Amino acid sequence: MPAPIRAARGVRDVLPAERAAWSLVERAAHGAARRFGYQLIETPIIEPLELVERGVGEDTDVIAKEIYFVQPRQGSEQRLVLRPEATAGMVRAYFQNGLNQAPPPARLYTIGAMFRHDRPQAGRYREFHQLDVEAIGEASAALDAEVIELAAAWLRALGLEDWTLEVNSIGDGACRPAYLELLKAYYRPLRDQLGPDCQRRLETNPLRLLDCKEPQCQPLRERAPRIADHLCPECARAFVEVRSLLEAAGIPYRLNPYLVRGLDYYTRTVFEFQHRLLGGAQNSLAGGGRYDGLSEVIGYRPTPATGFAAGIERVVLTLQELGRLPAAEPAAELAVLADGPDLAAPVAEVARLARPAVRTLTDASPRSLGAKMRAAGRAGYRWVAILDAAEAERRVVRLRDMDSGQQRELRWEELPSLLGAEPSPAGVAG
RNA sequence: GUGGCUGUAGCUCAGUUCGGUUAGAGCACCAGACUGUGGAUCUGGGCGUCGUGGGUUCGAAUCCCAUCAGCCACCCCA
């Protein structure tokens, strides 16, 4: 026998008990997105390397070490990768399918798996799932506020109230270059006090100096020029508008002048939802912002857009920490039990008749009736229908109400109407 | 990718310090008893190459090395 094959590192199985919580989170996401007029789309999990490279930024860690490459069958084939995030694919799909021909903005969302070759940790997996919400085609600050409000509505629908929202503006092509010069001018004399990473960032990606967590770098940023003080009139106006819209919507937020995105095509609004229960390093529930420069980078017409990505696993984890996971639901409401051997066919027929009314499973195993009843009791089924050979011949069952213990004989054909009349949510779950 | 901690039954763990017969407990699972036919109780049962591979030794769950996996902190982000 070969060695047991285990799942790859950093990926995990979501079993039925936990999957119920996922369904809750996903249903809330669909509900929130639809209520804001966002439509569900699906984009491929594999995308061309170039899309991901340019969509994420070639100098980022994601590109440098976290990309999963798809092994090409021939060297000449296009290089494909597993998507590490959804936004670039969403924008590609928007243009490629002509959604830019409709009146803007396109309000789109998707839920799906993303892949990053990180070092696994609780709340951080190599395959993880995101809710991704994008409003593409319009520069209005109202859309920034809208996607934030959507995210907040989603979290609130799940009973998550204790998050914090941090907001910042990082300007645009008109004002950021000048600000970056100011930032560099501030940091250059302090270069020797910076960590090695930040010494490099000083010239390549100075915004990143602001959110460096190295103890030696942190104090220096206190006196650094703040971009909020150096926004161009348009960006300043947009920032004010986003903030006033959030206040009007009753969404509490905190200004974090050190919240940044490292890439050039991010503009103006950036934000992040956090939750303390997620613990230190992995406390981010969702993050996003405006990315007016992305479409050009991937070869399409300049088009403003804004959105966010949220971690499904992290939301589920937070619900778990709060003890708010939904109670495990029995797999069925009715179990049809064979009292004796060779009853598979009649048991299946009884179940078939009952299924239009209630979720029904069968147990025609050779175990004793006591064992089957014990299993049914533990599983929490509402009803049990028992039949032996003689009853099968007469087309009747003993129907037992597991709560009251009451039991009566009835004809198979009576099952659906009788059980259907009982108040029982036959809703679709997970 | 860097550093640290940890891997024993399906799950939670004891045993490891200081090597010594057939490696333990609870939960869960299966069978039976008890109420014809239930969640409790009782009895019995498989619980396992002690993560994997190699080494030291008369002898390794225990010591050493490697490897894989999980967790924690970085890096980064969801």
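Biologist: How far from a phosphate oxygen of RNA strand B does a polar side-chain atom of Arg9 lie?
Modeller: This is a predicted model, in which local features need pLDDT of at least 70, side-chain atom pairs count only at pLDDT 80 or more, and totals for chains, interfaces and linings use all residues. Residues are numbered from 1 along each chain as its sequence is written, chains are lettered from A and ligands numbered from 1 in the order in which they are written, and side-chain values use heavy atoms, leaving out hydrogens and water. A polar contact is a pair of N or O atoms within 3.5 Å; within protein, one must be able to donate a hydrogen and the other to accept it, and residues adjacent in sequence count only if both atoms are side-chain atoms. For Arg9, the separation from the phosphate oxygen is 2.7 Å.

Biologist: Which residue has a side-chain N or O atom 2.9 Å from a sugar or linking oxygen of RNA strand B?
Modeller: Arg208 has a side-chain N or O atom 2.7 Å from a phosphate oxygen of RNA strand B. The sugar or linking oxygen, at 2.9 Å, is instead opposite a side-chain atom of Gln130.

Biologist: How many residues does H12 give to the surface near RNA strand B?
Modeller: Near means that a heavy atom of the residue lies within 4 Å, and helices (H or I, at least four residues) and strands (E, at least two) are DSSP runs numbered from the N terminus. There are 42 residues around RNA strand B, and Arg116, Arg124, Arg201, Gly377 and Arg378 come nearest. Helix H12 (369–379) gives the largest share of this surface, and its contribution is seven residues.

Biologist: How many residues of the surface near RNA strand B are charged?
Modeller: Asp, Glu, Lys and Arg count as charged, Ala, Val, Leu, Ile, Met, Phe, Trp, Tyr, Cys and Pro as nonpolar, and the others, Gly among them, as polar. On the RNA side, 53% of the atoms within 4 Å of the protein belong to sugar or phosphate, and the rest to bases. The protein side of this surface has 13 nonpolar residues and 13 polar ones, and its charged residues number 16.

Biologist: Is strand E12 largely enclosed or open, and why?
Modeller: Buried means under 20% relative accessible area, exposed over 50%, and partly exposed in between (1.4 Å probe, protein chains only). One side of E12 carries Leu334, Val336 and Ala338, the other Ala335 and Leu337, and these are all buried. Because five of the five residues of E12 (334–338) are buried, the rest of the structure leaves this strand largely enclosed.

Biologist: What is the handedness of the β-α-β crossover from E12 to E13?
Modeller: Strands pair if DSSP finds at least two bridges between them. E12 and E13 (residues 360–363) are parallel over four bridges, with Val336 opposite Thr362. The chain passes from E12 through helix H11 (344–354) to E13, and a crossover is called right-handed if, with the strands pointing away from the viewer, the path from the first strand over the helix to the second runs clockwise. By that criterion this crossover is right-handed.

Biologist: Which residue of E14 is the bridge partner of Ala338?
Modeller: E12 also pairs with strand E14 (residues 383–387), in the parallel sense over five bridges. In E14, the partner of Ala338 is Leu387.

Biologist: What kind of aromatic pair do Tyr68 and Phe115 form?
Modeller: Rings of Phe, Tyr and Trp (its six-membered ring) pair if their centres lie within 6.5 Å; planes under 30 degrees apart count as stacked, over 60 as edge-to-face and the rest as tilted. The whole structure has eight aromatic pairs. The centres of Tyr68 and Phe115 are 6.4 Å apart and the planes stand at 80°, so this pair is edge-to-face.

Biologist: How many residues apart are Tyr68 and Phe115?
Modeller: Tyr68 is partly exposed at 23% relative accessibility, whereas Phe115 is buried at 13%. Tyr68 lies in the loop between H3 and strand E3, Phe115 lies in strand E5 (residues 106–115), and their separation along the chain is 47 residues.

Biologist: What is the angle between the ring planes of Trp163 and Phe273?
Modeller: Trp163 is buried at 6% relative accessible area, and Phe273 is buried at 0%. Both belong to one aromatic cluster with Phe271 and Phe308. The ring centres of Trp163 and Phe273 are 5.1 Å apart, and the pair is edge-to-face because the planes stand at 70°.
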